[in-house]
Amino acid sequence: MQLKTLLLPLSLAAVAIADGESVLAAITEIGDESLVLNDVISSWNGHLLTAIPIIFQSTSLLSTINDGTETAEASENLTLAESIQVATAVTELQTSVNTTLETTIARKPDFDKLLLSTTILLSLNQLKDASGEFSDALVSKLPEALQPTGESLAAEIEDSFNYAISIYNPFD
Ligand SMILES: *[C@@H]1O[C@H](CO)[C@@H](O)[C@H](O)[C@H]1NC(C)=O
Ligand SMILES: *[C@@H]1O[C@H](CO)[C@@H](O)[C@H](O)[C@H]1NC(C)=O
């Protein structure tokens, strides 16, 4: 058998694995950016000028989520093994999102004082929408049997956003 014939299935496998890896890397990056935002918010001294990095970091998180959606949309369907890794990574991401949103909720009185709560609310809504699109793209790449699990993980993240949004929404 020729070497080329031997290597062909290997290179195809490599492509499939690289796809799962790029999706996993996107999830990890979103979680990392989320935790950076958490640190920026929790270490904020409550002054107007030092609030700028909070806006900057949440914009950066938003674009990382949007990049992740593009990566997930461009991915092949995930294999079962990849899907399990993705589900585990999303469970970790959910914890990071919970932490960041809890911190955001805790600082609301400080944002209120500077009339920044509307800006934070806008940003929470944008992040929620972007993360919904990311979840949809991820779920569409899971094997059908795992899609309900993917959807319920996505719903937990959405609930978390809805809770934070309800606290920031003056009309709630
Ligand atoms: C990917 O998976 C979805 C649902 O699990 C299925 O409908 C679709 O046909 C698959 N696409 C490919 C290219 O296998
Ligand atoms: C974070 O998780 C805790 C424990 O499950 C829960 O009580 C809380 O409401 C969650 N907060 C957010 C913002 O999702």
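H2 and H5 run roughly parallel to each other, since their axes cross at roughly 15° and anything under 35 degrees gets that label. Keep in mind that this is a predicted model. The chain around this pair is helical, with six helices and zero strands, and a second parallel pair, H3 with H6, is covered further down.

**H2 against H5**
- Helix H5 spans residues 117–140, and its axis comes within 8 Å of the axis of H2.
- As for handedness, H2 passes H5 in a left-handed crossing.
- By residue class, this contact has twelve nonpolar, eight polar and two charged residues.
- On the H2 side, the residues involved include Ile 54, Leu 61, Leu 62, Ile 65 and Ala 72.
- On the H5 side, they include Ile 120, Leu 127, Ala 130, Phe 134 and Leu 138.
- Polar residues turn up on both helices too, among them Ser 58, Asn 66 and Thr 69 from H2 and Thr 119, Ser 123 and Gln 126 from H5.
- The charged residues here are Glu 73 in H2 and Glu 133 in H5.

**Gln 57, also in H2**
- Gln 57 is found in H2, the helix that covers residues 52–74.
- With a relative accessible area of 10%, Gln 57 counts as buried, because the cut-off for that is under 20%.
- Leaving aside residues up to four places away in sequence, Gln 57 touches Glu 33, Val 36 and Leu 37.

**H3 against H6**
- H3 (residues 80–106) and H6 (residues 147–168) pack with their axes 9 Å apart, at an angle of about 5°.
- That angle makes H3 roughly parallel to H6.
- The contact of H3 with H6 divides into 13 nonpolar, five polar and two charged residues.
- From H3, the residues that meet H6 include Ala 87, Val 90, Leu 93, Val 97, Leu 101 and Ile 105.
- H6 brings in Leu 153, Ile 157, Phe 161, Tyr 163 and Tyr 168, among others.
- The charged residues in this contact are Glu 102 on H3 and Glu 156 on H6.

**The chain as a whole**
- Reading along the sequence, you get the pattern α-α-α-α-α-α.
- Buried residues account for 41% of the 172 residues.
- Take the contacts between residues at least 6 apart in sequence: 86% of them join residues at least 24 apart.
- The accessible surface is about 9700 Å², and 61% of that belongs to carbon and sulfur atoms.

How values were computed
Residues are numbered from 1 along each chain as its sequence is written. Chains are lettered from A and ligands numbered from 1 in the order in which they are written. This is a predicted model: local features need pLDDT of at least 70, side-chain atom pairs count only at pLDDT 80 or more; totals for chains, interfaces and linings use all residues. Side-chain values use heavy atoms; hydrogens and water are left out. Helices (H or I, at least four residues) and strands (E, at least two) are DSSP runs, numbered from the N terminus. Buried means under 20% relative accessible area, exposed over 50%, partly exposed in between (1.4 Å probe, protein chains only). Contact means heavy atoms within 4.5 Å. Axes are lines fitted to C-alpha atoms, for helices over the stretch in contact, and angles run from 0 to 180 degrees between N-to-C directions. Angles under 35 degrees count as roughly parallel, over 145 as roughly antiparallel, 65 to 115 as roughly perpendicular and the rest as oblique. A crossing is left-handed if the near helix is turned anticlockwise from the far one by less than a right angle, and right-handed if clockwise. Accessible areas come from the Shrake-Rupley method with a 1.4 Å probe; for residues, only the protein chains shown count as cover.
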